[in-house]
Amino acid sequence: MLGRRKGQMINKYVLDYVVFDLETTGVSWKKDRIIEISAVKVLDSKVVDEFSELVNPECSIPYYASRVNGIFDDMVCDARTFDEVLPDFIDFVGDSILVGHNIHAFDMKFLYRECRDVYGETLTNNYVDTLYLSRKCVPKLPHHKLVDMAEYFNISTEGAHRALNDCRMNQEVFERLGNSIKEPLEIERKLLI
């Protein structure tokens, strides 16, 4: 949802959420553009819906970005611009908690910028960054990239670095991470009843 305050990062497992991912023209949230946005809606730990769209960045996609994500200029030339896609994404997300890998330092900054530019407000949804959660739950791993976490949990990494594939992969990683912390959640739930 939109408002004046940014959402807060929370490092805990939740049953209902929307995992999302962006592909961009580069790594600078200040100057680079979004070229793909995808999301997977989860209710009671089960996938119930998906959202995915290529985005016209209104500029050329640098070769180094295309080499990573496989998205080229001809694929986005007839796509909608992000200001046209953003309302649909916000409708899809609603007031759900957002989940993503490295979103605190990357994806959320792109979304905050776009919401501010389009609406003059910011995104207020709280979010879980699975990068931070994976460091907490599996501290002995030398690397905690999404692909590393998927491989650790024996989850397929096929199609990595395309937004929807990364969302699906991240959803499974989040559920596996959640399994290691669900017991405290169940205790907390019983105390509230």
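The buried residues of helix α3 are covered by several elements, including β1 (2-3), β2 (17-24), β3 (34-43), β4 (46-54), β5 (98-100) and α4 (103-119). The model described here is predicted. This report starts with α3, goes on to its contact with α4, and then turns to single residues elsewhere in the chain.

## Helix α3

Helix α3 is made of twelve residues, 82-93. From its first C-alpha to its last it reaches 16 Å, close to the 16 Å expected at 1.5 Å a residue.

Which residues of α3 are buried? They are Phe82, Val85, Leu86, Phe89, Ile90, Phe92 and Val93. These residues lie on the same side of α3, because they cover an arc of only 155° around the axis. A general point about helices helps in reading this pattern. An α-helix has 3.6 residues a turn, so residues three or four places apart point the same way.

Proline 87 also belongs to helix α3. This proline counts as partly exposed, because its relative accessibility is 28% and the partly exposed class runs between 20% and 50%. Just after α3 comes glycine 94, which takes a positive phi of about 60°.

## The contact of α3 with α4

Two packed helices are described by the angle between their axes and the distance between the axes. For α3 and α4, the axes come within 10 Å and cross at roughly 105°. The two helices are therefore roughly perpendicular to each other, since angles of 65 to 115 degrees are put in that class.

Which residues of α3 and α4 meet? On the α3 side they are Phe82, Asp83, Leu86, Pro87, Phe89 and Ile90. On the α4 side they are Leu111, Glu114, Cys115, Val118 and Tyr119. The residues of this contact divide into nine nonpolar, no polar and two charged.

Proline 87 and valine 118 both appear in this contact. Their C-alpha atoms are separated by 9.5 Å, and the two residues are 31 residues apart along the chain.

## Pairs of residues in sequence and in space

The table sets separation along the chain beside the C-alpha to C-alpha distance for four pairs.

| Pair | Apart in sequence | C-alpha to C-alpha distance |
|---|---|---|
| Isoleucine 35 and proline 57 | 22 residues | 5.8 Å |
| Proline 87 and valine 118 | 31 residues | 9.5 Å |
| Glutamate 53 and tyrosine 132 | 79 residues | 27 Å |
| Asparagine 170 and serine 52 | 118 residues | 15 Å |

## Residues in strands β3 and β4

Isoleucine 35 is placed in strand β3. Is isoleucine 35 buried or exposed? Its relative accessibility is 0%, so isoleucine 35 counts as buried. Leaving aside neighbours within four places in sequence, isoleucine 35 is in contact with residues including Glu23, Thr24, Thr25, Glu53, Leu54, Val55 and Pro57. Ile61, Asn69, Ile71 and Val76 are also among the contacts of isoleucine 35.

Glutamate 53 is found in strand β4. Not counting residues up to four places away in sequence, glutamate 53 touches Ile35, Glu36, Ile37, Ser38, Arg80 and Val85. One of these, Val85, is a buried residue of α3.

The loop between β3 and β4 holds aspartate 44. Aspartate 44 is not a glycine, yet it has a positive phi of about 50°.

## Residues in α5, α7 and the loop before α7

Serine 134 lies in helix α5, residues 130-137. With a relative accessibility of 0%, serine 134 counts as buried. Which residues does serine 134 touch, not counting those up to four places away in sequence? They are His101, Pro139, His144, Met149 and Leu177.

Asparagine 170 lies in helix α7. Asparagine 170 has a relative accessible area of 2% and is therefore buried, as the class takes in values under 20%. Apart from neighbours within four places in sequence, asparagine 170 is in contact with Val19, Gly100, His101, Thr130 and Leu146. His101 thus appears in the contacts of serine 134 and in those of asparagine 170.

Histidine 161 sits in the loop between α6 (146-152) and α7 (163-192). Phi of histidine 161 is near 80°, a positive value in a residue other than glycine. At 37% relative accessibility, histidine 161 counts as partly exposed.

Definitions and conventions: Residues are numbered from 1 along each chain as its sequence is written. This is a predicted model: local features need pLDDT of at least 70, side-chain atom pairs count only at pLDDT 80 or more; totals for chains, interfaces and linings use all residues. Side-chain values use heavy atoms; hydrogens and water are left out. Helices (H or I, at least four residues) and strands (E, at least two) are DSSP runs, numbered from the N terminus. The expected span of a helix is 1.5 Å times one less than its number of residues. Buried means under 20% relative accessible area, exposed over 50%, partly exposed in between (1.4 Å probe, protein chains only). The arc is that of the directions from the helix axis to the C-beta atoms. Contact means heavy atoms within 4.5 Å. Axes are lines fitted to C-alpha atoms, for helices over the stretch in contact, and angles run from 0 to 180 degrees between N-to-C directions. Angles under 35 degrees count as roughly parallel, over 145 as roughly antiparallel, 65 to 115 as roughly perpendicular and the rest as oblique. Ala, Val, Leu, Ile, Met, Phe, Trp, Tyr, Cys and Pro count as nonpolar, Asp, Glu, Lys and Arg as charged, and the others, Gly among them, as polar.
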